[in-house]
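Biologist: I should like to learn how to read the features of a structure that is new to me. May we go through it together?

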Amino acid sequence: MMRQILPATFLVALLAGCQSGPVQEASAADRSPEVASGQAASEQDVETSPESSADDRSNSEAAPADFNAWLANFRREARSEGISERTLARALDGVRYRPRVIELDRSQPEFVRPIWQYLDSAVSSARIQQGRAKLAEHRDTARRMEERYGVPAEIIVAIWGIESNYGGNFGDFSTLEALATLAFDGRRSDFARGELMAALRIIETGDIPPERMVGSWAGAMGHTQFIPSSFEAYAVDGDGDGRRDIWGSIPDVMASTANYLARAGWQTGQPWGVEVRLPDDFDYAQTELTTRRASREWAAQGVRGVSDGALPEFAEASVIAPAGADGPAFLVGPNFRAILRYNNATSYALAVGTLANEIAGRNGIHGSWPRGEEPLSRSQVREMQQALNARGFDVGTPDGIMGPNTRRGLRSYQRSIGVTPDGFATVSLLQRLQR
């Protein structure tokens with residue numbers, strides 16, 4: 001039976017402040033794609049501070065007294081599931097409790113960056129230039145994986161760049177220690193426990209020795225940040241050496257990333273999307289990823305591409321406007337949704353698509369962002385939700401997350417006061433609501 005596809009960084013999503021609604025995720029390079037208002041409830045991602053330090057290592061003796069007892073019990077369970085004594089000794093002897101992991105897991109920052117600030121970092125000129133250099137350096141490998149899986153070379157390289165800055169920052173936590181700590185003391189302990197068991201199976205098969213299994217504080221590993229269960233399901237031996245090594249083999253990294261996207265539904269020959277111009281009378285209630293129409297239907301509403309006016313021929317496309325009526329808009333298709341399976345944040349998928357375009361020498365984003373708008377903090381979003389409820393625009397229980405219900409209520413309020421109902425939350429709207 002085929003396993004259900006699981007986002008490569010899904011553990012990060014669960015452990016990094018996940019609320020109700022779609023999952024939220026983080027990448028090692030940009031820790032993480034944060035927006036004040038966007039198209040998915042997942043996008044209030046958590047920013048964390050640097051992953052580890054000498055002080056953290058020296059504090060490992062602060063482990064709770066029952067951590068070793070928990071580890072011994074887990075070891076017995078792993079043995080009963082077929083993990084050999086040799087692997088258990090290599091992987092778990094000396095595993096430490098990491099207080100820093102729990103500190104990061106429980107971090108809930110109040111402020112988030114708007115999408116344009118995230119894109120400034122994720123699609124910086126330095127990252128574009130480095131991406132072009134990496135594609136040139138590994139062009140034969142990237143093209144080979146493109147031919148095998150149907151995923152463009154520039155998309156593969158863009159994910160590599162955003163997930164770990166092309167391998168420059170994929171984390172230096174022991175995956176085994178991070179997962180053991182989270183399984184013992186984390187907010188999603190059952191999930192982390194399952195990932196720790198998957199990590200042991202990976203070591204058992206000989207893909208990677210324990211000392212090289214390193215990554216983020218939340219268990220995402222290697223150049224393109226697979227969690228262990230995703231590694232088991234989608235990692236590929238791209239260089240033919242009999243092992244799947246997403247830490248040291250670029251062919252394995254590229255093959256695994258392309259395989260993941262192919263399994264997520266990537267459609268060969270289609271773009272991820274295109275920047276568009278919307279007509280003045282456009283109904284922004286349609287700007288949800290759950291609203292899907294054929295490109296010809298969007299064109300009939302007056303949606304046009306910013307370059308030549310033509311739209312890609314999508315059978316099911318969505319229009320998104322991550323910063324409302326005053327920011328750029330995009331028509332996105334199935335391949336955008338495939339990228340979202342890798343990391344379910346619209347800002348992340350937009351960054352991957354934009355970086356890929358730039359690496360390939362195509363145009364970046366044409367429209368300008370409303371950079372003068374001050375993003376709402378989590379507490380301000382909660383205040384907005386409370387004010388909307390008080391005025392009869394039901395958005396559900398206030399939770400500080402700009403999800404679909406909140407955007408729907410905000411659009412109704414905007415419509416009632418005669419402003420463009422785009423669902424984009426601003427400080428000025430909050431202040432008006434609170435009068």
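Modeller: Let us begin with two helices: α6 and α16 are oblique to each other, because angles under 35 degrees count as roughly parallel, over 145 as roughly antiparallel, 65 to 115 as roughly perpendicular and the rest as oblique. This is a predicted model, in which local features need pLDDT of at least 70, side-chain atom pairs count only at pLDDT 80 or more, and totals for chains, interfaces and linings use all residues. Residues are numbered from 1 along each chain as its sequence is written, and side-chain values use heavy atoms, with hydrogens and water left out.

Biologist: At roughly what angle do the axes of α6 and α16 cross?

Modeller: Axes are lines fitted to C-alpha atoms, for helices over the stretch in contact, and angles run from 0 to 180 degrees between N-to-C directions. Helices (H or I, at least four residues) and strands (E, at least two) are DSSP runs, numbered from the N terminus. Here the axes of α6 (residues 115–122) and α16 (residues 346–359) cross at roughly 40 degrees and come within 10 Å. The crossing is right-handed; a crossing is left-handed if the near helix is turned anticlockwise from the far one by less than a right angle, and right-handed if clockwise.

Biologist: Which residues of α6 and α16 meet?

Modeller: Contact means heavy atoms within 4.5 Å. From α6, Ile 115, Tyr 118, Leu 119 and Ala 122 meet Ser 347, Tyr 348, Leu 350, Ala 351 and Leu 355 of α16. Another residue of α16 is Asn 357. Not counting residues up to four places away in sequence, Asn 357 touches Trp 272, Arg 362 and Asn 363.

Biologist: Is Asn 357 buried or exposed?

Modeller: Buried means under 20% relative accessible area, exposed over 50%, partly exposed in between (1.4 Å probe, protein chains only). Asn 357 has a relative accessible area of 13% and is buried. Gly 423 is also buried, at 1%, and its place is in the loop between α18 (404–416) and α19 (427–433). The C-alpha atoms of Gly 423 and Ala 325 are separated by 9.0 Å, while these residues are 98 apart along the chain.

Biologist: How do α10 and α11 cross?

Modeller: The axes of α10 (residues 175–185) and α11 come within 7 Å and cross at roughly 150 degrees. The two helices are therefore roughly antiparallel, and their crossing is left-handed. Among the residues making the contact are Leu 176 and Leu 179 of α10, and Ala 192, Leu 196 and Ile 203 of α11.

Biologist: What span should helix α11 have?

Modeller: The expected span of a helix is 1.5 Å times one less than its number of residues. For the 17 residues of α11 (residues 189–205) this gives 24 Å, which agrees with the 25 Å between its end C-alpha atoms. The buried residues of α11 include Arg 193, Glu 195 and Met 197. After α11 comes Gly 206, with a positive phi near 90 degrees.

Biologist: In what order do the strands of the open sheet lie?

Modeller: Two strands pair if DSSP finds at least two bridges between them. The open sheet has four strands in the order β4-β3-β6-β5, with antiparallel pairing. Its edge strands, β4 and β5 (318–320), each pair on one side only. Four bridges link β3 (residues 273–277) to β6 (residues 329–332); Val 274 is partnered with Leu 331, and Val 276 with Ala 329. Two bridges join β3 to β4 (residues 304–305), where Arg 277 stands opposite Arg 304.
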